[in-house]
Amino acid sequence: MRVVIAGAGSVGRSIARELLHHEHEVVLIDKEPAAMRVSSVAEAEWLLADACEISTLDEAHLDTCDVVVAATGDDKVNLVVSLLAKTEFAVPRTVARVNNPKNEWMFDDAWGVDVPVSTPRIMTSLVEEAVTVGDLVRIFTFHASGASMYEITLADDTPVVGQRVGAIAWPGHSVLAAIIRGDRPIPPSPDDTLEGGDELLLIASSQDPADLEQLQALLGDSPTPTSPTAPAPTAEAP
């Protein structure tokens, strides 16, 4: 897979190293000479230029790449790069870094963004997931489908504790994806019995509030699922 990364700061370089480790081809673009730390990611191709210029993206051969990652520290740049990648070069997948959560609403397909990644929002979700028992917590959303992954930790007195997975009437189109018991992930089968303290990972539609309310009523105590004050981070399966 060929990946072009706009932004050669610490985030861009870290992404590049991981991709190279998995044997992908990587191009790093940055307009700041100070960011040209070529020796830190020597296996990548480096380009000193403005990623917001079509001529730069043409020089990086975006028409032959599979993914563009807009990883700069400027949300405006990340949006422009994503839009140009989609509209001018028809790149199959764009991933954009969201630096300011207030700008998250703009990172959608109207700006050419397939996968927005908001670090503050992800950290908020993980904090809620770590401390909340009995509340449905949204972890992230699959951008293309609108489905989301939710987590809930079962309290000891939850009615489903002691029930077989196959005997539970799961609401709507929700699906139990995994059971985490202690430090052990368990692929759920109809004969598995739920226990207090189990952490459940579920996939459900974010666009159907009734399903979420029914899931919360089935598995927890609160009437509504817990979610960040702004939309949860979106993702799409690679």
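The expected span of a helix is 1.5 Å times one less than its number of residues. The exercises below apply this and a few other ideas to the structure above, which is a predicted model.

**Exercise 1. Compare the lengths of helices α1 and α3 with their expected spans.**

Solution. Begin with helix α3, residues 75–89, which has 15 residues, so that its expected span by the rule just given is 21 Å. From its first C-alpha to its last, α3 reaches 20 Å, which is close to that expectation. Turn next to helix α1, residues 10–21, whose twelve residues should span 16 Å. The end C-alpha atoms of α1 are 16 Å apart, which agrees with the expected value.

**Exercise 2. Work out where the buried residues of α1 lie around its axis, and what they pack against.**

Solution. First list the residues concerned: in α1, the buried ones are Gly12, Arg13, Ala16, Leu19 and Leu20. These residues cover an arc of only 125° around the axis, and therefore they lie on the same side of α1. Finally, look at the partners of that buried set, which packs against β1 (2–6), β2 (25–30) and β3 (45–48).

**Exercise 3. Describe the start of α3 and the surroundings of its buried residues.**

Solution. At the start of the helix, a side-chain oxygen of Asp74 comes to within 2.9 Å of the backbone nitrogen of Lys76. Along α3, the buried residues are Asp75, Asn78, Leu79, Val81, Ser82, Leu84, Ala85 and Phe89. Their cover includes β1, α2 (54–59), β4 (67–70) and β5 (93–98).

**Exercise 4. Find what follows each of the helices α1 and α3, and decide whether Glu23 and Ala90 are buried or exposed.**

Solution. Just after α1 comes Glu23, which takes a positive phi of about 65° although it is not a glycine. Glu23 belongs to the loop between α1 and β2, and because its relative accessibility is 72%, it counts as exposed. After α3 comes Ala90, whose phi is also positive, near 50°, in a residue other than glycine. Ala90 sits in the loop between α3 and β5, and its relative accessibility of 59% is why it counts as exposed.

**Exercise 5. Classify His61 by its accessibility, and locate it in the chain.**

Solution. His61 is found in the loop between α2 and β4. Its relative accessibility is 43%, and because partly exposed covers values between 20% and 50%, His61 counts as partly exposed. As for its place in space, the C-alpha atoms of His61 and Val27 are separated by 9.6 Å, while the two residues are 34 residues apart along the chain.

**Exercise 6. Explain why strand β11 is described as largely enclosed, and identify strands that pair with it.**

Solution. Strand β11 spans residues 199–205, and because five of its seven residues are buried, the strand is largely enclosed by the rest of the structure. Strand β8 (residues 147–153) pairs with β11 in the antiparallel sense over seven bridges, and in this pairing Ala147 stands opposite Ser205. Strand β9 (residues 175–181) also runs antiparallel to β11, to which five bridges join it, with Leu202 of β11 as the bridge partner of Leu176.

**Exercise 7. Place these elements within the whole chain.**

Solution. The chain contains five helices and twelve strands, and of its 238 residues, 45% count as buried. Of the contacts between residues at least 6 apart in sequence, 58% join residues at least 24 apart. The chain exposes about 11,700 Å², with carbon and sulfur atoms supplying 56% of that area.

Conventions. Residues are numbered from 1 along each chain as its sequence is written. This is a predicted model: local features need pLDDT of at least 70, side-chain atom pairs count only at pLDDT 80 or more; totals for chains, interfaces and linings use all residues. Side-chain values use heavy atoms; hydrogens and water are left out. Buried means under 20% relative accessible area, exposed over 50%, partly exposed in between (1.4 Å probe, protein chains only). Helices (H or I, at least four residues) and strands (E, at least two) are DSSP runs, numbered from the N terminus. Two strands pair if DSSP finds at least two bridges between them. Contact means heavy atoms within 4.5 Å. Accessible areas come from the Shrake-Rupley method with a 1.4 Å probe; for residues, only the protein chains shown count as cover. The arc is that of the directions from the helix axis to the C-beta atoms. A polar contact is a pair of N or O atoms within 3.5 Å; within protein, one must be able to donate a hydrogen and the other to accept it, and residues adjacent in sequence count only if both atoms are side-chain atoms.
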